[in-house]
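Okay, thanks for coming, everyone. Let me put the structure up, and then I'll walk you through it.

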Amino acid sequence: MPEIVLIRGVPGSGKTTKAKTEYSNHILCEADQFFTHPGTGDYKFDPEKLYEAHEFCMEKARACLEAGHNVVVANTFTRVWEMQLYFDMGYPIRVVEATGNYGSVHGVPPETVARMRERFEAYSC
């Protein structure tokens with residue numbers, strides 16, 4: 001049975017890097033992929049489409065899992081409840097935290113990152 005690895009952390013904490021280096025045998029799913037142009041790689045965030053981006057990420061993960069692939073989802077998940085839909089999929093799941101401080105590659109302002117860090121909830125299995 002395939003597994004889900006959820007990597008959580010604030011912007012710039014190393015979620016994507018951790019996913020690509022430590023879980024290279026998993027298919028990477030991120031809400032950020034929704035905002036990235038497939039041909040050029042240009043990233044254009046639109047806060048009004050954030051819900052749609054997370055739906056895109058979840059559906060990509062679900063399709064990959066149903067095809068038998070392991071999946072790593074690298075999103076902020078600052079609140080524990082934000083991971084629940086993945087838990088509800090019924091696959092084995094691991095939660096990993098990215099704790100680095102590398103700066104946001106998507107231009108998230110430091111004050112926004114600080115607010116997200118303040119609201120970050122601890123998770124215990």
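**A walk from the rings to the sheet**

Let's begin with F34, which counts as partly exposed at 26% relative accessibility. Keep in mind that what you see is a predicted model.

So who does F34 pair with? The partner is F35, and the two rings sit edge-to-face, 5.3 Å centre to centre with 90° between the planes. F35, for its part, is buried, at 7% relative accessible area. That pair belongs to a cluster, too: F34, F35, Y43, F45 and F56 form one aromatic group.

How many aromatic pairs does a search of the whole structure find? It finds 6. Another one to look at is F77 with Y86. Their ring centres are 5.8 Å apart and the planes are at 85°, so this pair is edge-to-face. F77 is buried with a relative accessible area of 4%, and Y86 is buried with 4% as well. For anyone new to this, a pair of aromatic rings is described by the distance of the centres and the angle of the planes.

Okay, on to the sheet. There are 4 strands in an open sheet, in the order β2-β3-β1-β4, and the pairing is parallel. Which strands stand at the edges? Those are β2 and β4, residues 93–97; each has a single partner strand, so one side of each is left without a neighbour in the sheet. From one strand to the next, the twist averages 20°. Helix α2 packs on this sheet and touches β1, β2 and β3, and its direction makes about 160° with that of β2.

Let me zoom in on β3, residues 71–74. V71 and V73 point one way, V72 and A74 point the other way, and all of them are buried. As a reminder, in a regular strand the side chains alternate between the two faces of the sheet.

Now the partners of β3. Strand β1, residues 4–8, pairs with β3 in the parallel sense over 4 bridges. If you want a landmark there, I7 stands opposite A74 in β3. Then there's β2, residues 27–29, which runs parallel to β3 and is joined to it by 3 bridges. The landmark in this case is L28, opposite V72 in β3. And how does the chain get across from β2 to β3? The route goes through helix α2, residues 50–66, and this β-α-β crossover is right-handed.

While we're close to β2, have a look at H26, in the loop between α1 (15–22) and β2. Is H26 buried or exposed? At 10% relative accessibility, H26 counts as buried. If you leave out residues up to four places away in sequence, H26 touches E3, V5, N70, V71, V72 and R94.

Next, the nonpolar cores. The largest one has 14 residues, and within it L6, V71, V73 and Y86 touch the most other members. β1, α2 and β3 each supply at least two residues of this core, and α2 gives the most, with 5 residues. In general, nonpolar side chains in soluble globular proteins tend to be buried together.

Let me spell out L6. Setting aside neighbours within four places in sequence, L6 is in contact with V73, F77, M83, Y86, F87, I93, R94, V95 and V96. So both rings of our second aromatic pair, F77 and Y86, are on the contact list of L6. There is also a second, separate core of 9 residues, which includes V5, I7, V96 and A98.

V95 was on that list as well, and you'll find V95 in strand β4. At 26% relative accessibility, V95 counts as partly exposed. Not counting residues up to four places away in sequence, V95 touches L6, R8, M83, F87 and Y123. To give you a sense of scale, V95 and P47 are 48 residues apart in sequence and 26 Å apart in space, C-alpha to C-alpha.

One last stop: P110, in helix α4, residues 110–119. P110 counts as exposed, at 63% relative accessibility. P110 and I93 are 17 residues apart in sequence, and in space they are 31 Å apart, C-alpha to C-alpha.

That's my tour. Happy to go back to any of these views.

Note on methods: Residues numbered from 1 in each chain as written. Predicted model: local features only at pLDDT ≥ 70, side-chain atom pairs only at ≥ 80, totals over all residues. Heavy atoms only, no water. Buried < 20%, exposed > 50% of the residue type's maximum accessible area, 1.4 Å probe, protein only. Pairing = 2+ DSSP bridges. Right-handed = clockwise from strand over helix to strand, strands pointing away. Core = buried A, V, L, I, M, F, W, Y, C linked by side-chain atoms within 4.5 Å. Contact = heavy atoms within 4.5 Å. Axes fitted to C-alpha atoms, helices over the stretch in contact; angles between N-to-C directions. Phe/Tyr/Trp six-rings, centres within 6.5 Å; stacked < 30°, edge-to-face > 60°.
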